[in-house]
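This briefing introduces a protein structure by topic. Please keep the sequence and the model in view while reading.

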Amino acid sequence: MRELTADGNAAAPPQALLERLKDYGQEYTFALWDELSAEERDLLVKDIESLDLSRIDRIIRCSLRSQGLPTAAIEPVPESSVSTVEERTLEERERWWKMGLKAISEGKLAVVLLSGGQVELFLMVIGFD
């Protein structure tokens, strides 16, 4: 059940936390806020509050500088470049799997970043035991 305000609308993300995220260009973190339950929202807020965003920012900037890259090189992935396993056919998933194995065998690296609990679902969907 969704947490609602007195006027019946979904409660908004905490303004102070939203402002803190905006300072680091991460305000999109709350893009799916309205789809979360009250418990999920509480967990998200606690997780974000536990982050040392200034330290993370320093680490990223230092890493980019050491590679001679501008700090503006990190941007959110365009939505048109994002896909979910559920949207794909079995053939496409098999093709992705083979492409991944080929890239690994060539010494290339691929990263799949999943939120908590999604790893098991991902492994189930791709048929990995």
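This is a predicted model. In it, Leu 17 touches Phe 30, Val 45, Ile 48 and Glu 49, leaving aside residues up to four places away in sequence. The points below begin with the core to which Leu 17 belongs and then turn to a buried arginine, a helix and the salt bridges.

**The nonpolar core**

- The largest nonpolar core consists of 9 residues, among them Leu 17, Phe 30, Val 45 and Ile 48.
- Its other members are Leu 18, Leu 21, Trp 33, Leu 36 and Leu 53.
- Two elements, α1 (15-22) and α2 (38-49), each contribute two or more residues to this core.
- Helix α1 provides the largest share, with 3 residues.

**A buried arginine**

- Arg 41 is part of helix α2.
- Arg 41 is buried but has no salt bridge.
- Which side chain of opposite charge is nearest to Arg 41? It is that of Asp 34, at 4.2 Å; a salt bridge requires a nitrogen-to-oxygen distance within 4 Å, so this pair does not qualify.
- The side chain of Arg 41 does, however, reach the backbone oxygen of Trp 33, at 3.2 Å.

**Helix α3 and the residue beyond its end**

- Helix α3 covers residues 53-66, which amounts to 14 residues.
- At 1.5 Å a residue, this helix should span 20 Å, and its end C-alpha atoms are indeed 20 Å apart, so the expected and modelled lengths agree.
- Just after α3, Gly 68 adopts a positive phi of about 70°.

**Salt bridges**

- Side chains of opposite charge can pair when their charged atoms come close.
- The model contains 4 salt bridges, including the pairs described here.
- Arg 61 and Asp 57 form a salt bridge, with their closest N and O atoms 2.8 Å apart.
- Both Arg 61 and Asp 57 lie in helix α3, 4 residues apart, which is about one turn of the helix.
- Arg 61 has a relative accessible area of 34% and is therefore partly exposed; Asp 57, at 23%, also counts as partly exposed.
- Arg 88 forms a salt bridge with Glu 92, the closest N and O atoms being 3.8 Å apart.
- Arg 88 is partly exposed, at 29% relative accessible area, and Glu 92 is partly exposed, at 24%.
- Glu 106 and Lys 102 meet through their side chains in a salt bridge of 2.8 Å, N to O.
- Is Lys 102 buried or exposed? Lys 102 is exposed, because its relative accessible area of 52% is over 50%, whereas Glu 106 is partly exposed, at 42%.

How values were computed: Residues numbered from 1 in each chain as written. Predicted model: local features only at pLDDT ≥ 70, side-chain atom pairs only at ≥ 80, totals over all residues. Heavy atoms only, no water. Core = buried A, V, L, I, M, F, W, Y, C linked by side-chain atoms within 4.5 Å. Buried < 20%, exposed > 50% of the residue type's maximum accessible area, 1.4 Å probe, protein only. Contact = heavy atoms within 4.5 Å. Lys, Arg positive; Asp, Glu negative; His and termini not counted. Polar contact = N/O pair within 3.5 Å; in protein donor to acceptor, adjacent residues only side chain to side chain. Expected span 1.5 Å × (residues − 1).
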